[in-house]
Amino acid sequence: MSVKNGTLILLSVGSSKVDALTQNDMSFTTSMLDITTKDSGLDAEYVPDQRSGTFSAQGLWDETSDNGFSVLFAAQKAGTLLTVKWGATVPGSKYYSASAYISSLSATAPKNAIASWSGEFQITGAVTEGTVA
């Protein structure tokens, strides 16, 4: 079994990794069409329909960052279609890449705690799987 330390799995926008990440996630769903008929009895029946997915990220607030909240804010405000990549950078590791828009972006500054931000990237189109060369 080959497992990865989550610290090695990064989120990149374009060719640059997102700075000061504390967590990054990816999620995929498939909507289901109900094909239940009177002949189905008490068991519902479904077939798969459209796939969708998101990448999400959380990071520490760093106003001096070259690829953090400020860059993501500008991309969301402009409605920029981004190329987002989720995965490790170690040769032989898998990564997942897709075009995405930033669908949400927020920041928090609690009392006596480190300020942070979070964002979600809505994937549009297909996701590709690759291997780091």
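## Strand β5 and its partners

Gly-87 stands opposite Tyr-95 in strand β6. The model in which this pairing appears is a predicted one. On the other side of the pairing list, Leu-10 stands opposite Gly-87 in β5, and Trp-86 has Tyr-96 in β6 as its bridge partner.

These residue pairs belong to two strand pairings. Strand β1, residues 9-13, is joined to β5 by five bridges, and the two run antiparallel. The pairing of β5 with β6, which covers residues 94-108, is also in the antiparallel sense and extends over six bridges. Between β5 and β6 lie five residues, and the two strands form a hairpin. Gly-92, in the turn of this hairpin, has a positive phi of about 90°.

Strand β5 comprises residues 82-88, and five of its seven residues are buried, so the strand is largely enclosed by the rest of the structure.

## The sheet as a whole

The strands described above form part of an open sheet of seven strands with antiparallel pairing. The order across the sheet is β2-β1-β5-β6-β7-β4-β3. Its edge strands are β2, residues 16-17, and β3, each of which pairs on one side only.

Strand β6 is also joined to β7, through 13 bridges, and these two strands run antiparallel. Within this pairing, Tyr-101 has Gln-122 in β7 as its bridge partner. Ser-106 is likewise matched with a residue of β7, namely Ser-118.

## Helix α1 and Phe-69

Helix α1 lies across four strands, β1, β5, β6 and β7. With respect to β6, the helix runs at about 95°.

Phe-69 lies in this helix, which spans residues 69-78. Is Phe-69 buried or exposed? Its relative accessible area is 19%, which is under the 20% limit, and Phe-69 therefore counts as buried. When neighbours within four places in sequence are left aside, Phe-69 is in contact with Trp-61, Leu-105, Ser-106, Ala-107 and Trp-117. One of these contacts, Ser-106, is the residue whose bridge partner in β7 is Ser-118. A separation in sequence and in space can also be given for Phe-69 and Leu-8: they are 61 residues apart along the chain, and their C-alpha atoms are 21 Å apart.

## The largest pocket

The largest pocket has a volume of about 170 Å³. Three elements give two or more residues to the lining of this pocket: β3 (21-34), β4 (46-60) and β7 (116-131). Of the elements involved, β7 gives the most, with four residues.

Which residues line the largest pocket? The lining is made up of Phe-28, Thr-29, Thr-30, Arg-51, Ser-52, Gly-53, Ile-123, Gly-125, Ala-126 and Val-127. Sorted by class, the lining has four nonpolar residues, five polar residues and one charged residue. The strands that contribute to the lining in this way also have their places in the sheet, where the order ends with β7-β4-β3.

Key: Residues numbered from 1 in each chain as written. Predicted model: local features only at pLDDT ≥ 70, side-chain atom pairs only at ≥ 80, totals over all residues. Heavy atoms only, no water. Buried < 20%, exposed > 50% of the residue type's maximum accessible area, 1.4 Å probe, protein only. Contact = heavy atoms within 4.5 Å. Pairing = 2+ DSSP bridges. 1 Å grid on protein atoms, 1.4 Å probe; cavity = no way out; pocket = protein on both sides within 12 Å on 5 of 7 lines; lining within 4 Å. Points joined across faces, edges and corners; volume = space filled by probe spheres on them. Nonpolar A, V, L, I, M, F, W, Y, C, P; charged D, E, K, R; others polar. Axes fitted to C-alpha atoms, helices over the stretch in contact; angles between N-to-C directions.
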